[in-house]
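Trainee: Please teach me how to read a structural model, one feature at a time.
Mentor: Gladly; let us look at it together before we begin.

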Amino acid sequence: TDFLAADLAASIRTIADYPKPGILFRDITTLLGDARAFRRAVDELVQPWAGSKVDKVAGIEARGFIIGGAVAHQLSAGFVPIRKKGKLPHQTVRMAYALEYGQDEMEMHVDAVAAGERVILVDDLIATGGTAEGAVKLLRNIGARVEAACFIVDLPDLGGSDKLRAMDVPVRTLLSFA
Ligand code: PRP
Ligand code: HPA
């Protein structure tokens, strides 16, 4: 899997100084556009749950919708969108989450997950973990069992994956950029 990680990493484009000077932005659109890399990433992400029952995959807007939709299909699970506030039409539950500067709120439909359902959280990348932490709290507040959180990319120096593990969420990532 070291070979796989290197192969997937090579399919990700790095953009210097985006969105701000000093940031090395990991652009996964090149992985998504590479048919073989996209399939391998999704196959590898779902591997621990092949043959076990997962009720729902929750994907975080926007890039978590792309990965999460494919993961849900692969696991024959339902898909639940976690969105930025104001986008969902039915009654929602809401959670504040930390951004690099300031905070925002995310929402999910109140009936999207039933109490006790087994949910896997999916996003493309974990950095500070503020976004994923908010999503885990939102899911747990409505009684979901968050079985794991999965990301293609970990930026371990920003501490997000450790933060989720400290909340007793098993974390699966396919590659790291340190
Ligand atoms: C990015 C990424 C994750 C989040 C990770 O999304 O897709 O959702 O940031 O950062 P964190 O671990 O520090 O919270 P972004 O907020 O840029 O939203 P977008 O997908 O709508 O562009
Ligand atoms: N790439 C994509 N999304 C991100 C990054 C990055 O490097 N850092 C925080 N969110």
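**Reading the model step by step**

Trainee: Which residue stands opposite K84 in strand 6?

Mentor: In strand 6, the residue facing K84 is M106. Before we go on, note that this is a predicted model, in which local features need pLDDT of at least 70 and side-chain atom pairs count only at pLDDT 80 or more, while totals for chains, interfaces and linings use all residues. Residues are numbered from 1 along each chain as its sequence is written, chains are lettered from A and ligands numbered from 1 in the order in which they are written, and side-chain values use heavy atoms, with hydrogens and water left out.

Trainee: How many bridges join strand 4 to strand 6, and how many join strand 5 to strand 6?

Mentor: Strands (E, at least two residues) and helices (H or I, at least four) are DSSP runs numbered from the N terminus, and two strands pair if DSSP finds at least two bridges between them. Here strand 4, residues 78-84, runs antiparallel to strand 6, residues 103-109, with two bridges between them. Strand 5, residues 92-98, is also antiparallel to strand 6, and seven bridges join this pair, with T92 having H109 as its bridge partner in strand 6. Strands 5 and 6 form a hairpin with four residues between them, and in its turn G102 has a positive phi of about 85 degrees.

Trainee: Where does a positive phi occur in a residue other than glycine?

Mentor: Most residues other than glycine have a negative phi, and most peptide bonds are trans, so the exceptions deserve a look. D17 is such a case, with a positive phi near 65 degrees, and D17 lies in the loop between strand 1 and strand 2. The loop between strand 1 (13-16) and strand 2 also holds P19, which is joined to Y18 by a cis peptide bond with omega of about -5 degrees. Another cis bond links E61 and A62, with omega of about 0 degrees, and A62 is in the loop between strand 3 (56-60) and helix 4 (63-75).

Trainee: Which residues are the closest to ligand 1?

Mentor: A residue is near a molecule if one of its heavy atoms lies within 4 Å of it. By that test 13 residues surround ligand 1, the closest being D123, D124, T128, G129 and T131. Strand 7 (118-126) and helix 5 (130-141) each supply at least two residues of this shell, and strand 7 gives the largest share, four residues.

Trainee: What lies 2.5 Å from an oxygen atom of ligand 1?

Mentor: That is an N or O atom in the side chain of D123, which fits the idea of a polar contact as a pair of N or O atoms within 3.5 Å. An oxygen atom of ligand 1 is also 3.1 Å from a polar backbone atom of A62, the residue we met at a cis bond with E61.

Trainee: Which residues surround ligand 2?

Mentor: The shell around ligand 2 consists of L24, F25, R26, R63, L125, A127 and L155, and its largest share, three residues, comes from strand 2, residues 24-27. For the polar contacts, a nitrogen atom of ligand 2 is 2.9 Å from a backbone N or O atom of R26, and a nitrogen atom of ligand 2 is 3.0 Å from an N or O atom in the side chain of R63. The protein covers 77% of the 260 Å² of accessible area (Shrake-Rupley method, 1.4 Å probe) that ligand 2 has on its own.

Definitions and conventions: Polar contact = N/O pair within 3.5 Å; in protein donor to acceptor, adjacent residues only side chain to side chain.
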